[in-house]
Amino acid sequence: IRDSGTIDRTDDFRVFIRDFLELVEKRRPDVILLAGDIFDTSMPANSAQRLYYDMIRALSGTSVMATVITAGNHDSQRFLEAPRALLETMNCFVAGESPESQAFVLRDDAGEPLLAVAAVPFLREGDVRGGSIDDTDATRAARFESGVRKHYDTVNGFLDEALDGARVPRIAMGHLFVTGSRLRPDDDPTTPNESAYVGSLRNVTADAFGTDWDYVALGHIHNSQTVKAQIPMRYSGSPVSLSYSHIPYRHHIVELTFDETGGMTFEELPVRQPREFVRVSGTFEELRADIAEAGATHEKPFVEATLTSDECVPDLAGELTAWGE
């Protein structure tokens, strides 16, 4: 739940959550997985908190047997986890900081397991990496990946104990950058990107999760995509456009279906955008015409205008804003 700069987008996210709840009523899922960055700040506004808790309460009255939530790098782990006991009364599981508190097993009314989830939040370097200050960058990167793998193995061990030999689908959740992923649709995954760093480290390989999972549900990157790996692994991406850089993105929710034999299929469910981001360029008159068209075809769109002529317009932003209104 985010703001776009200084513009209040509470109504935009209210529209998205309304549409999401309608989708839940139509598709009737058993479990909802939210892999981090629930908010974009450790202390979200009261309006954002209200939307979040209203959504969880609404989900508890649907087909959803459990909503599983992990903290992202923008979230406060303690803030999300504080009302954990209360949220559990609404079938909402918030992963904690310890591996044991990240092992979640969904059970039917008879207590039989249906699904196992390693609900791992954003892992900071200090959470999983040992070593010394004298380590080289390569050594630190290797230690970090080794620490991530050990963490998932530990959570998986707690799932083994809880399942006691029962075979059910296993899903790992993660909030980190995986080698070969693209921050934007047109990025070259072989080219390093400064904004993909985790602390001072670039990423981990897909091998850091191990191979015991039927699916790995990833958060952190807004660009939805499949990750090349030995097991199915995907970033669902941001369901709502957050900036002009999101114009070429595909926004959707990923739906997983497991059959009685454990076979899995997935489907991308497109998300209608409450407000569109539009870029226009040209002369002053062309900008006015383009802005008028954007206003006629979209509901209160965000418009980025670039004047390409040598006209002198002292208050271009003011003139165009007035015209847009």
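# Contacts, strands and helices in a predicted model

Student: Which residues does His 246 touch, not counting residues up to four places away in sequence?

Tutor: The model is predicted, and a contact here takes heavy atoms within 4.5 Å. His 246 belongs to the loop between β9 (233–235) and β10 (252–258). Leaving out residues up to four places away in sequence, the residues that His 246 touches are His 222, Ser 238, Val 240, Ser 241 and His 251.

Student: Is His 246 buried or exposed?

Tutor: The cut-off for buried is under 20% relative accessible area. His 246 has a relative accessible area of 3%. His 246 is therefore buried.

Student: How far apart in space are Ser 245 and Arg 184, C-alpha to C-alpha?

Tutor: Ser 245 also sits in the loop between β9 and β10, and with a relative accessible area of 35% it is partly exposed. In sequence, Ser 245 and Arg 184 are separated by 61 residues. In space, their C-alpha to C-alpha distance is 8.2 Å.

Student: In what order do the 6 strands of the open sheet stand?

Tutor: The sheet is open, and its pairing is mixed. β4 (103–107) and β8 stand at the edges with a single partner strand each, so one side of each has no neighbour in the sheet. The order is β4-β5-β6-β7-β9-β8.

Student: Which residue in β5 is the bridge partner of Phe 104?

Tutor: β4 pairs with strand β5 (residues 113–119) in the antiparallel sense, over 5 bridges. Within β5, the bridge partner of Phe 104 is Val 117.

Student: Which helix packs on the sheet and touches β4, β5 and β6?

Tutor: The helix runs over residues 137–163, and its direction makes about 30° with that of β4. Its contacts include β6 (170–175) along with β4 and β5. The helix is α6.

Student: How many of the residues of β7 are buried?

Tutor: From β7 (215–219), Tyr 215, Ala 217 and Gly 219 point one way, while Val 216 and Leu 218 point the other way. Residues on both sides are buried, so the strand is largely enclosed by the rest of the structure. The count of buried residues in β7 is 5 of the 5.

Student: Which residue in β9 stands opposite Leu 218?

Tutor: β7 has parallel pairings with β6, over 5 bridges, and with β9, over 3 bridges. In the pairing with β6, Met 173 is opposite Ala 217 of β7. In the pairing with β9, the residue opposite Leu 218 is Tyr 235.

Student: Is His 220 buried or partly exposed?

Tutor: His 220 lies in the loop between β7 and β8 (225–226). Its phi is near 110°, which is positive in a residue other than glycine. Most residues other than glycine have a negative phi. At 21% relative accessibility, His 220 counts as partly exposed.

Student: What is the phi of Asp 37?

Tutor: Asp 37 occurs in the loop between β1 (31–35) and α2, and at 14% relative accessibility it counts as buried. Although Asp 37 is not a glycine, its phi is positive, at about 55°.

Student: Are α1 and α2 roughly parallel or antiparallel to each other?

Tutor: The axes of helix α1 (residues 10–27) and helix α2 (residues 46–59) come within 11 Å and cross at roughly 10°. Angles under 35 degrees count as roughly parallel. The relation of α1 to α2 is therefore roughly parallel.

Student: How many nonpolar residues does the contact of α1 with α2 have?

Tutor: On α1 the contact involves Thr 10, Phe 13, Arg 14, Ile 17, Phe 20, Leu 21 and Val 24, and on α2 it involves Ser 47, Leu 51, Met 55, Ala 58 and Leu 59. By class, 2 of these residues are polar and 1 is charged. The number of nonpolar residues is 9.

Student: Which residue in β13 is the bridge partner of Arg 279?

Tutor: Strands β12 (residues 277–282) and β13 (residues 302–307) run parallel and are joined by 6 bridges. Together with helix α7 (residues 284–297), they make a right-handed β-α-β unit. The partner of Arg 279 in β13 is Glu 304.

Student: What percentage of the residues of the chain count as buried?

Tutor: The chain has 8 helices and 13 strands. Of its contacts with a separation of 6 or more, 66% come from residues 24 or more positions apart. Of the 325 residues, the share that counts as buried is 45%.

How values were computed. Residues are numbered from 1 along each chain as its sequence is written. This is a predicted model: local features need pLDDT of at least 70, side-chain atom pairs count only at pLDDT 80 or more; totals for chains, interfaces and linings use all residues. Side-chain values use heavy atoms; hydrogens and water are left out. Axes are lines fitted to C-alpha atoms, for helices over the stretch in contact, and angles run from 0 to 180 degrees between N-to-C directions. Helices (H or I, at least four residues) and strands (E, at least two) are DSSP runs, numbered from the N terminus. Angles under 35 degrees count as roughly parallel, over 145 as roughly antiparallel, 65 to 115 as roughly perpendicular and the rest as oblique. Ala, Val, Leu, Ile, Met, Phe, Trp, Tyr, Cys and Pro count as nonpolar, Asp, Glu, Lys and Arg as charged, and the others, Gly among them, as polar. Buried means under 20% relative accessible area, exposed over 50%, partly exposed in between (1.4 Å probe, protein chains only). Two strands pair if DSSP finds at least two bridges between them. A crossover is right-handed if, with the strands pointing away from the viewer, the path from the first strand over the helix to the second runs clockwise.
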